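Colleague: I've got a new model open and I'd like to learn how to read it properly. Could you walk me through a few features, general idea and then the case at hand?

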Amino acid sequence: MSDTVQSGSPTDILIVGIGGYGHFYLKTLLEEFPVGSVTIAGVVEPYPERCEMTAVLNREGIPLFATIEEFFSAGYHADLVVIASPIHRHVPQSIIALEQGCHVLLDKPLGATVQEADDLIRVRDRSKGQVMVGYQWSYSAAIQFLKRDIMQGRFGDLLRLKTLC
């Protein structure tokens, strides 16, 4: 993705699952990112008739696919794949994206089992892609400052932390 940003061309994004949280990813990308900074390369949604954004996809000419495999088989590419599908699909879809040379942002949790997480780590390590787990607070300034303080030992040896929001 950094190559894309450096070249000045838009980041091509595939969104997987727009029936739940993916709706908000899609809406934010379409409405709040500067024009020309991102391109929605496609959307994967097996039940588009249940989604509020389907009319927008049609109006904007954004390709819609039932599976992530269909997207790539049709010759499309994405720099980033945002995965907001059901949890049991997170790791298999992430692996497909990594094998296609994409970076991955997936909704929490990473997967359903520790074994799945191990599988994803192995594939990520073989690929050139990055994998990040999106959680509402993870990348906020407050949590990043807290992380820095913890890593620097400011609070000593911690046994447990809890966040109340």
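Modeller: Happy to; let's begin with a salt bridge. Glu60 pairs with Arg59 here, and their closest N and O atoms are 3.7 Å apart. Keep in mind that this is a predicted model.

Colleague: What does that 3.7 Å tell me about the pair?

Modeller: The idea is a distance cut-off: a side-chain nitrogen of Lys or Arg has to be within 4 Å of a carboxyl oxygen of Asp or Glu. Glu60 and Arg59, at 3.7 Å, count as a salt bridge.

Colleague: And are Glu60 and Arg59 buried, partly exposed or exposed?

Modeller: Exposed means over 50% relative accessible area, and buried means under 20%. Arg59 counts as exposed because its relative accessibility is 61%. Glu60 comes out at 47%, so it counts as partly exposed.

Colleague: How many salt bridges are there in the structure?

Modeller: Six. Another of them joins Glu31 and Lys27, with 2.9 Å from N to O.

Colleague: Where do Glu31 and Lys27 sit?

Modeller: Look at the spacing when you see a pair like this. Both residues lie in helix H2, which covers residues 22-32, and they are four residues apart, about one turn of the helix. Glu31 is exposed because its relative accessibility is 52%, while Lys27, at 32%, is partly exposed.

Colleague: Which residues does Arg148 link up with through salt bridges?

Modeller: Start with the pair: the side chains of Arg148 and Asp149 meet at 3.1 Å, N to O. Bridges that share partners then tie Arg148, Asp149 and Arg154 into one network. As for cover, Asp149 has a relative accessible area of 10%, so it is buried, whereas Arg148 is partly exposed at 39%.

Colleague: Let's zoom out. How do the helices and strands run along the chain?

Modeller: For the overall layout, count the elements and then read their order. There are seven helices and six strands. From the N terminus the order is α-β-α-β-α-β-α-β-α-β-α-β-α.

Colleague: What share of the contacts comes from residues 24 or more positions apart?

Modeller: Among contacts with a separation of 6 or more, 61% are between residues at least 24 positions apart. Buried residues, for their part, make up 37% of the 165 in the chain. The C-alpha atoms fill a box of roughly 55 × 35 × 35 Å along the principal axes.

Colleague: Now helix H5. What do its buried residues pack against?

Modeller: To read a helix in its setting, list its buried residues and then their partners. In H5 the buried ones include His90, Val91, Gln93 and Ser94. The buried residues of H5 pack against strands S1, S4, S5 and S6, along with helices H4 and H6. Just after H5 comes Gly101, with a positive phi near 85°.

Colleague: Gln93 is in that list. Why does it count as buried?

Modeller: Its relative accessible area is 10%, so Gln93 falls in the buried class. Gln93 belongs to H5, residues 87-99. Leaving out residues up to four places away in sequence, it touches Val16, Ile68, Ile83 and Ser85.

Colleague: Last one: how far apart are the mean positions of the positive and negative charges?

Modeller: Take the mean position of each sign and compare. For the 14 positive and 19 negative charges, the two means are 9 Å apart. The accessible surface is about 10400 Å², with 55% of that belonging to carbon and sulfur atoms.

How values were computed. Residues numbered from 1 in each chain as written. Predicted model: local features only at pLDDT ≥ 70, side-chain atom pairs only at ≥ 80, totals over all residues. Heavy atoms only, no water. Helix = DSSP H or I, 4+ residues; strand = E, 2+ residues; numbered from the N terminus. Buried < 20%, exposed > 50% of the residue type's maximum accessible area, 1.4 Å probe, protein only. Contact = heavy atoms within 4.5 Å. Areas by Shrake-Rupley, 256 points an atom, 1.4 Å probe, with all protein chains shown as cover. Lys, Arg positive; Asp, Glu negative; His and termini not counted. Charge placed at Lys NZ, Arg CZ, Asp CG, Glu CD.
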